[in-house]
Protein chains: 2
Amino acid sequence: MARPRTFDEDGALDAAMRTFWEKGYEATSTQDLCDATGLGRSSIYNTFKSKHDLFERALSRYIDSMTTSQLAVMEDTRLSAAERLRTLFAMVVDAETAHRTGGRGPGCLTVNTTVELVARDPQAADMLERDTRRRLTALRAVLEEGQRDGSITSPRDAGALARFVNAAIAGMRISSQGGADRAALESIADITLDALTG
Amino acid sequence: MARPRTFDEDGALDAAMRTFWEKGYEATSTQDLCDATGLGRSSIYNTFKSKHDLFERALSRYIDSMTTSQLAVMEDTRLSAAERLRTLFAMVVDAETAHRTGGRGPGCLTVNTTVELVARDPQAADMLERDTRRRLTALRAVLEEGQRDGSITSPRDAGALARFVNAAIAGMRISSQGGADRAALESIADITLDALTG
DNA sequence: TTCATTATGGATTGATCAGTTCAAAACTCG
DNA sequence: CGAGTTTTGAACTGATCAATCCATAATGAA
């Protein structure tokens, strides 16, 4: 019936996501998005309503893939609660040290967007808030389970421990952007676990 | 010899700092800076070489005032090491909850700049790196002292503990921007101290 | 007062911004 | 093949960006 697309929408979304991730929303121009995706402006604006719409979809994709893989670990019943958290931290350390070109990496798009946009972009704030709730809920469940099975010895409220773990992960990501190397991140993770098991 | 200035340079710097703090570097236009300082473009460009130069001076001012007041606490010999850290965390909680208008606050300019600019602004990266070193050095000294006086019971390397505390503070600031309230931040601080004293 | 010097406001620069328009190209279906 | 529909590339739009220019105002020193 009509001319078909010659590009993969998900591929374009991935390329856009990486660009927003590396440069941030404001610093990414539509030309940058054309370059990164290999598409012309018409194709981008024909497929996505606007730069902001494209950003929302890229952020959604990032959040989905990130949180999905993290929740999978949290719900892995083969491991004790403490082991799951250890695995979660290892994933964070790996992610932070993997994406590095040269000295530093781009950190985490969720954290970056919280800093850059949460105060003046209601849609982004909403997505981030929903994701935070989801992550905190899963963390709390794991921590409660750990308190029952004895692998988490801290008597603190599991909800408070969940917020602590979530903050620790964000702190590791900021530290990574600030130049901390793998060993430094690993020791931060170890000490974070001390608070739960020590 | 010549016409004198009718404005206070430090006041202008403060106003610019607040604007960069709230909106970030990229999202702050030179017009925003004129509005915030009450100055005309000519006065700004006559006093500061460029938007970037003004930003550097604003960031330097922020770092100076922030780190100076924090180091003062760290070196307060009237308090035990653990008490100093408790005070430090209280300062962070207060700062995060004080600057709030409505729901969220602007976080911390140091963390915000790390996220936004450290990857592509060598001068900013340099200032932040220097500040991080200074803060880590002071933290390590406090933690070593605590290990000697017994108020810090963790046997971990003091340098690693310093990086952990630094990451925890950054994590609290991100959590605050993400919507965490005062009680949540306080409990994160408490649990962070568990890792050092538990 | 007069001269030298700096501060200031407003107009202006060229570049870049996000987004639109339009004609030509490319495809499907009849 | 040809009608109908969508994609695509390139030119283009008005707005805004950081930064400059210039004429005028305001000051201190002589």
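# A tour of two protein chains and two DNA strands

The surface near DNA strand C is made up of eight nonpolar, ten polar and six charged residues. Near means that a residue has a heavy atom within 4 Å of the molecule or strand. Nonpolar covers Ala, Val, Leu, Ile, Met, Phe, Trp, Tyr, Cys and Pro; charged covers Asp, Glu, Lys and Arg; the others, Gly among them, count as polar.

The model is predicted, and local features need pLDDT of at least 70, side-chain atom pairs count only at pLDDT 80 or more, and totals for chains, interfaces and linings use all residues. Residues are numbered from 1 along each chain as its sequence is written, chains are lettered from A and ligands numbered from 1 in the order in which they are written, and side-chain values use heavy atoms, with hydrogens and water left out.

**Stop 1: DNA strand C**

Select DNA strand C and the 24 residues around it; A:Met1, A:Thr30, B:Thr6, B:Ser42 and B:Asn46 come nearest. On the DNA side, 63% of the strand C atoms that come within 4 Å of the protein belong to sugar and phosphate.

Next, show the polar contacts (pairs of N or O atoms within 3.5 Å; within protein, one atom must be able to donate a hydrogen and the other to accept it, and residues adjacent in sequence count only if both atoms are side-chain atoms). At B:Arg3, an N or O atom of the side chain is 3.0 Å from a base nitrogen of DNA strand C. B:Ser43 places a polar side-chain atom 3.0 Å from a phosphate oxygen of DNA strand C. A:Ala2 takes part through its backbone, with an N or O atom 3.4 Å from a sugar or linking oxygen of DNA strand C.

Now colour by helix (helices are DSSP runs of H or I, at least four residues; strands are runs of E, at least two; both are numbered from the N terminus). Helix H3 (41-47) of chain A and helix H3 (41-47) of chain B each supply at least two residues of the surface near DNA strand C. H3(B) gives the most, with four residues.

**Stop 2: DNA strand D**

Switch to DNA strand D, where 24 residues surround the DNA and the closest are A:Arg3, A:Ser42, A:Asn46, B:Met1 and B:Thr30. By class, this surface has eight nonpolar, ten polar and six charged residues. Sugar or phosphate accounts for 63% of the strand D atoms within 4 Å of the protein, and bases for the rest.

Which kind of atom in DNA strand D lies 2.5 Å from a polar side-chain atom of A:Ser42? That atom is a base oxygen. A polar side-chain atom of B:Arg41 lies 2.8 Å from a base nitrogen of DNA strand D, while one of A:Arg5 lies 3.4 Å from a phosphate oxygen of this strand. H3 of chain A together with H3 of chain B are the elements that give two or more residues to the surface near DNA strand D. H3(A) gives the most here, with four residues.

**Stop 3: chain A and its annotations**

Hide the DNA and look at chain A, which has nine helices and zero strands. The C-alpha trace spans about 60 × 40 × 30 Å along its principal axes. Of the 198 residues in chain A, 55% are buried (under 20% relative accessible area; exposed is over 50% and partly exposed in between, with a 1.4 Å probe and protein chains only).

Select residues 6-66 of chain A, which an unreviewed UniProt entry annotates as "domain: HTH tetR-type". The span is 75% helix and 0% strand, and its end C-alpha atoms lie 28 Å apart. Within the same chain, UniProt lists residues 29-48 as "DNA-binding region" (unreviewed entry); the end C-alpha atoms of this span lie 15 Å apart. UniProt positions are in the numbering used here, feature names are shortened, and annotations may be inferred rather than shown by experiment.

Then go to A:Thr192 in helix H9 (residues 182-197) of chain A. A:Thr192 is buried, with a relative accessible area of 0%. A polar atom of its side chain lies 2.8 Å from the backbone oxygen of A:Ile188.

**Stop 4: aromatic rings**

Over all chains the structure holds eight aromatic pairs. One is B:Trp21 with B:Tyr62, edge-to-face at 5.0 Å centre to centre and 70° between the planes. The pair links distant parts of the chain, 41 residues apart: B:Trp21 is in helix H1 (residues 9-23) of chain B and B:Tyr62 in helix H4 (residues 51-74) of chain B. Rings of Phe, Tyr and Trp (its six-membered ring) pair if their centres lie within 6.5 Å; planes under 30 degrees apart are stacked, over 60 edge-to-face and the rest tilted. B:Trp21 is buried at 8% relative accessible area, and B:Tyr62 is buried at 2%.

In chain A, select A:Phe20, A:Tyr25 and A:Phe55, which form one aromatic cluster. Add A:Lys51, whose charged end sits over the ring of A:Tyr25, 4.5 Å from its centre (NZ of Lys or CZ of Arg within 6 Å of the ring centre and within 35 degrees of the ring normal). In chain B, the charged end of B:Lys51 sits over the ring of B:Tyr25, 4.5 Å from its centre.
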